[in-house]
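Here is a walk through the charges, rings and cores of a protein model. Have the viewer ready.

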Amino acid sequence: MFGNNIYQGDNSALVGGSPQQVHEQLWLAGRQRRWKARLRNAVIVLALAWWLAGPVISVAAGVVYLAGDLLFETQQRLTNRVWRRGESGAAHTARFLRLLEFKGYSVLHRRVIPGYGAFPHLVVGNGRIWLVENQVYSPEDTLLSVKGRLFVGKSSHAHVVARLEKLAQSVSETLSGDLGLPVKASIIVAVHGGKPKDTRMTAGGVVLMRPWRVPNWIRRRSAGMSGAVSVQELSAHVLRLYGPSLQGLRGELD
């Protein structure tokens, strides 16, 4: 795993004194301070706008500032919700991947890949398959790609990227051999929480992005492409080669 994945079977985030519990306590304790700072800044914005553009514009500017600041805080809370709840992110990503089913893709969850284990999401297209992993980070974790190498804070995760690249190669070779036709497999990591430096990062052959960006990324990469194998035929082979995980049958995707 990249780092802070937390699974429902043993949810340490719900235990007192966990990083999540401490984070929530600090957030609640700072609520009054944040509101004071928000109102103070809104008054400053209002006063500057009044001086520059008059009373009507100043009131509008103050309201816009308050709304924008509240929206930013809400967005941050939503981004870190999976980490705060101690979830794996699989259910959250699965909801976005449903959009692809309406576009003709086949989306499979919790399939066992020999030599790797249970994998959360497989998205099957024409002659192509995307392996979508979930990674959960604390709000303080910074994600950065430097010359194709992934860093979480100051720690390099090149070895994990290499493992995922090897997985994609193995799946591609297995399906291509089984079908007798070329099948490309690609890895996408859905990032929950943390502070990615870019909206989309690439480390080796692995692409990292927020889960809500994944469906559109897959659709764009598929635009104008027609594989030698149909979605239905490739899905049948995937279902036969990669069986369901028993853990997934009673997990958070149920």
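## Charges over rings

Arg77 parks its charged end over the ring of Trp27, 3.9 Å from the ring centre. Arg38 does likewise with Trp35, its charged end sitting over that ring at 4.6 Å from the centre. What counts here is NZ of Lys or CZ of Arg within 6 Å of the ring centre and within 35 degrees of the ring normal.

## Ground rules and confidence

This is a predicted model, so local features need pLDDT of at least 70 and side-chain atom pairs count only at pLDDT 80 or more, while totals for chains, interfaces and linings use all residues. Residues are numbered from 1 along each chain as its sequence is written, and side-chain values use heavy atoms, with hydrogens and water left out.

pLDDT is the predictor's confidence in each residue, on a scale from 0 to 100. The protein's mean is 87, and 89% of its residues reach 70 or more. By element, strand E8 (residues 206–209) has the highest mean pLDDT, 96, and helix H9 (residues 246–249) the lowest, 59. Helices (H or I, at least four residues) and strands (E, at least two) are DSSP runs, numbered from the N terminus.

Take some care with residues 1–9, where pLDDT stays under 50; the model gives them 32 contacts beyond four places in sequence. Residues 249–254 are also below 50, and that stretch has 13 contacts beyond near neighbours in sequence. A contact means heavy atoms within 4.5 Å.

## Salt bridges

Side chains of opposite charge can pair when their charged atoms come close. The rule used is a side-chain nitrogen of Lys or Arg within 4 Å of a carboxyl oxygen of Asp or Glu, and the count comes to 6 salt bridges. One of them joins Glu24 and Arg84 at 3.9 Å, N to O. It links distant parts of the chain, with Glu24 in helix H1 (residues 19–29) and Arg84 in helix H4 (residues 81–85), 60 residues apart. Both Glu24 and Arg84 are buried; buried means under 20% relative accessible area, exposed over 50%, and partly exposed in between (1.4 Å probe, protein chains only).

Which residues end up in one salt-bridge network? Start with Glu73 and Arg34, whose closest N and O atoms are 2.8 Å apart: Glu73 is in helix H3 (residues 55–79) and Arg34 in helix H2 (residues 31–53), 39 residues apart. Asp69 and Arg38 meet at 2.5 Å, N to O, again with Asp69 in helix H3 and Arg38 in helix H2, 31 residues apart. Shared partners join Arg34, Arg38, Asp69 and Glu73 into one network. Arg38 is buried at 3% relative accessibility and Arg34 at 18%, whereas Asp69 is partly exposed at 23%.

## Aromatic pairs

The structure holds 2 aromatic pairs. Ring centres must lie within 6.5 Å; planes under 30 degrees apart count as stacked, over 60 as edge-to-face and the rest as tilted, using the six-membered ring for Trp alongside Phe and Tyr. One pair, Tyr105 and Trp130, is edge-to-face, at 6.3 Å centre to centre with 70 degrees between the planes. Tyr105 lies in the loop between helix H5 (90–101) and strand E1 (106–113) and Trp130 in strand E3 (residues 128–146), so the pair ties together parts 25 residues apart in sequence. Tyr105 is buried at 13% relative accessible area, as is Trp130 at 2% relative accessibility.

## Nonpolar cores

The largest nonpolar core has 32 residues, and those with the most contacts inside it include Phe119, Ile129 and Leu167. Helix H6 (residues 158–179) supplies the largest share, 7 residues. Apart from this core lies another of 14 residues, among them Ile188 and Trp217. A core is a set of buried Ala, Val, Leu, Ile, Met, Phe, Trp, Tyr and Cys residues joined through side-chain atoms within 4.5 Å.
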